[in-house]
Amino acid sequence: MVYRPINSLHAVLLAGTVPLFLGVLLADLAYSSTYEIQWKNFASWLLVGGLVFAGLTLLFAVIDLVRITPRTGRLIIYTVILLVLWVLGFINALVHASDAWASMPSALILAWIVALMAIAATWMGFSRAHAGVRE
Amino acid sequence: MKRLICAFVFCAFMAACGGRDPDAAQYGSAPPLPEPQKQLFPTMKIAEPAAWGGRKPVVPAGYSITAIATDLAIPRQTLILPNGDILVAEGRGGNAPKLTPKDVIAARIKAKGTSPVKGGNRLTLLRDADGDGTYEVKSTFAEDLNAPYGLALIGSQLFVANQDALVRFEYQEGLTRPSSAPVKVTDLPSALNHHWTKALTASADGRFLYVGIGSNSNITERGMTAEVDRAMVWQIDAQTGAHKPYATGLRNPTALTIHPVTGQLWAVVNERDEIGPNLVPDYLTSVQEGGFYGWPYSYWGKNVDTRVKPEDPQKVASALQPDYALGSHVAALGVAFSQPSMGARFAEGVFVGEHGSWNRGDPSGYKVVFVTFQNGRPVGEPIDFVTGFQADGKTFGRPVGVTVDPRGALIVADDLSNTIWRVTPVEAVASPDAATAAPPQ
């Protein structure tokens, strides 16, 4: 059994989702406790960045899913997490687009879910038992 | 889970594109107000501009309409001078930066529904010297202004409300071009200028000017500090330029006028968006000195808007209810009291120019309506006066400012087709007495 880490660009993109979606969460927490609108602006842009990174990561995961046989359960779960994360993140972007406090509390709830999913996906992506393992 | 999410996203799209928003008949002093809605996508129906071609706006039987000036550069408000000349303020203002991804996207979408022409930043003079209804002179009266909008004449002083300052020209009858540059009366709040238009009217005695200053956001999404000196009407001493807030909480007071008999200040105000097709009605109201009209904390009196944090229950408790609802999202941008020379049916009341909606599946506005007055108060439902700006899914024009020419004409500025329209009774009404005696239509 040969351990092959995931493609380095895939790795960079995947790792980037954590600080971005964590940033969304922290900025939303700051907005919800201070009502200072600039935190919401930060959250909105970090979310766009997160979606770009997560979207490209998802693309890599799908390519892996197609290329690598046999498809392991972990690879499938990893891809599904990225997909759900991206969809929820996109919905959160729409939620953030509603004016002022109209985005709350949905924005904060989604930010928590998406940040935790980004951490989970990254954990899986870099673990030794990941899809990149060739048997 | 995936299916659930797909269904969710699909519903959101359907809600955004979905068609029919029934007319809630939100007119008068007690409009029905539905519960606010949360929408993932704000409902949008952007006007699709098209040339008038052979068409013309539609006016009631007994009236005719002609285009007296075309190819203008975004005409907004007009002023009838004592000799019958018409001044047209042309321009496009606003310099609010795009702060969020939404700002970037929404600006692109909304721009599709407006004219691509560059704002003129000038005043154009139209003259019909022989009184035949053809305005044979169209010349530049003043240029290098900064998005001029409100216009008012007090004696020999012509006041122009630029988007950043109130300025004054010396004027005498027949003047076609002032010899000197304008003099600044006072600066006006201009930071960001999300709602940039500065509506203007003069008090009946000529001592004061009133300037309408719109909010810097839909509903405080640019932060509370951006709203200092916004969403209010200023009273300005015409000679000294000293100002004070005259009334506050008026989200976007886009046109002001004085009742010809009572001398009372009236305004049309554009209310907030993105809480549903039938919220919040734009309105026509008398403006009470010292009055607070709700924005941003509440709408139509004391209905709290939960999008605003921190809340201010004390302000909400003091909020006045406006006089007359015009309907949600109609975007009233012009108001003018009528005169008997307009004919008996439209002799007493106000004309209101409605630029038209974006935040509604079924468009509202896109017409000029007449609101009848009795004993100095608006009554009944608005009556369509100029329509036909939209047909077959296309939009040919969007009314802005309306002005009544005492000789018996309504002047309508159209900032989509860059046209000035003139509506006249087919048979001129000789005098107020004759107007009252005219048979009903």
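Where in chain B is B:Pro296 found? In this predicted model, B:Pro296 sits in the loop between β16 and β17 (298–299) of chain B. The peptide bond that joins B:Trp295 to B:Pro296 is cis, with omega at about 0 degrees. A cis peptide bond also joins B:Leu279 and B:Val280, and here omega is about -10 degrees. B:Val280 belongs to the loop between β15 (265–269) and β16 (281–286) of chain B.

Chain B also has some backbone angles worth a look. B:Leu192 is not a glycine, yet its phi is positive, at about 65 degrees. This leucine falls in the loop between β9 (183–187) and β10 (198–202) of chain B. It has 19 C-beta neighbours inside 10 Å, and so B:Leu192 counts as partly exposed; being buried would take 20 or more. B:Asn375, again not a glycine, has a positive phi of about 50 degrees. Its place is the loop between β22 (367–374) and β23 (377–378) of chain B. B:Asn375 counts as exposed because it has 8 C-beta neighbours inside 10 Å, and the limit for exposed is 12 or fewer.

B:Val316, by contrast with the loop residues, is part of a helix, namely α3 (residues 313–318) of chain B. With 19 other C-beta atoms within 10 Å, B:Val316 is partly exposed. Setting aside neighbours within four places in sequence, the contacts of B:Val316 are B:Tyr297, B:Ser298, B:Lys302 and B:Val304. B:Asp305 is 11 residues from B:Val316 in sequence, and their C-alpha atoms are 9.8 Å apart in space.

Now for chain A. It holds 4 helices and 0 strands, so to speak a plain α-α-α-α when read along the sequence. The C-alpha trace of chain A spans about 55 × 20 × 20 Å along its principal axes. Of the 135 residues in chain A, 42% are buried. Take the contacts in chain A between residues at least 6 apart in sequence: 74% of them join residues at least 24 apart.

How do the helices of chain A meet? The axes of α1 (residues 8–34) and α4 (residues 106–126) of chain A come within 8 Å and cross at roughly 160 degrees. That angle is over 145 degrees, and α1(A) and α4(A) are therefore roughly antiparallel to each other. Their crossing is left-handed. On the α1(A) side, the residues making the contact include A:Leu14, A:Val18, A:Phe21, A:Leu25 and A:Asp28, while those from α4(A) include A:Leu108, A:Trp112, A:Ala115, A:Ile119 and A:Thr122. Sorted by class, this contact has 17 nonpolar, 4 polar and 1 charged residues.

The pairing of α2(A) with α3(A) can be described in much the same terms. Their axes come within 9 Å and cross at roughly 155 degrees, and the two helices are therefore roughly antiparallel to each other. This crossing, too, is left-handed. By class, the contact of α2(A) with α3(A) has 17 nonpolar, 8 polar and 2 charged residues.

Back to α4(A) for its own geometry. At 1.5 Å a residue, its 21 residues should span 30 Å, and the end C-alpha atoms are 30 Å apart, which agrees. Buried residues in α4(A) include A:Ala107, A:Leu110, A:Val114, A:Met117, A:Ala118 and A:Gly125. The buried residues of this helix pack against α1 and α3 of chain A.

A:Leu13 gives a closer look at α1 of chain A, the helix where it is found. A:Leu13 is buried, because 21 other C-beta atoms lie within 10 Å and the cut-off is 20 or more. Not counting residues up to four places away in sequence, A:Leu13 touches A:Phe53, A:Leu56, A:Thr57 and A:Phe60. A:Leu83 is 70 residues away from A:Leu13 in sequence, and the two are 15 Å apart in space, C-alpha to C-alpha.

Finally, the two chains touch. Their contact takes 17 residues from chain A and 22 residues from chain B. On the side of chain A that touches chain B, the elements giving two or more residues are α2 (37–67) and α3 (73–96). Here α2(A) gives the most, with 6 residues. By class, the residues on this side of chain A divide into 12 nonpolar, 4 polar and 1 charged.

Notes: Residues numbered from 1 in each chain as written. Chains lettered and ligands numbered in written order. Predicted model: local features only at pLDDT ≥ 70, side-chain atom pairs only at ≥ 80, totals over all residues. Axes fitted to C-alpha atoms, helices over the stretch in contact; angles between N-to-C directions. Parallel < 35°, antiparallel > 145°, perpendicular 65-115°, else oblique. Left-handed = near helix turned anticlockwise from the far one by under 90°. Contact = placed C-beta atoms within 7 Å. Nonpolar A, V, L, I, M, F, W, Y, C, P; charged D, E, K, R; others polar. Expected span 1.5 Å × (residues − 1).
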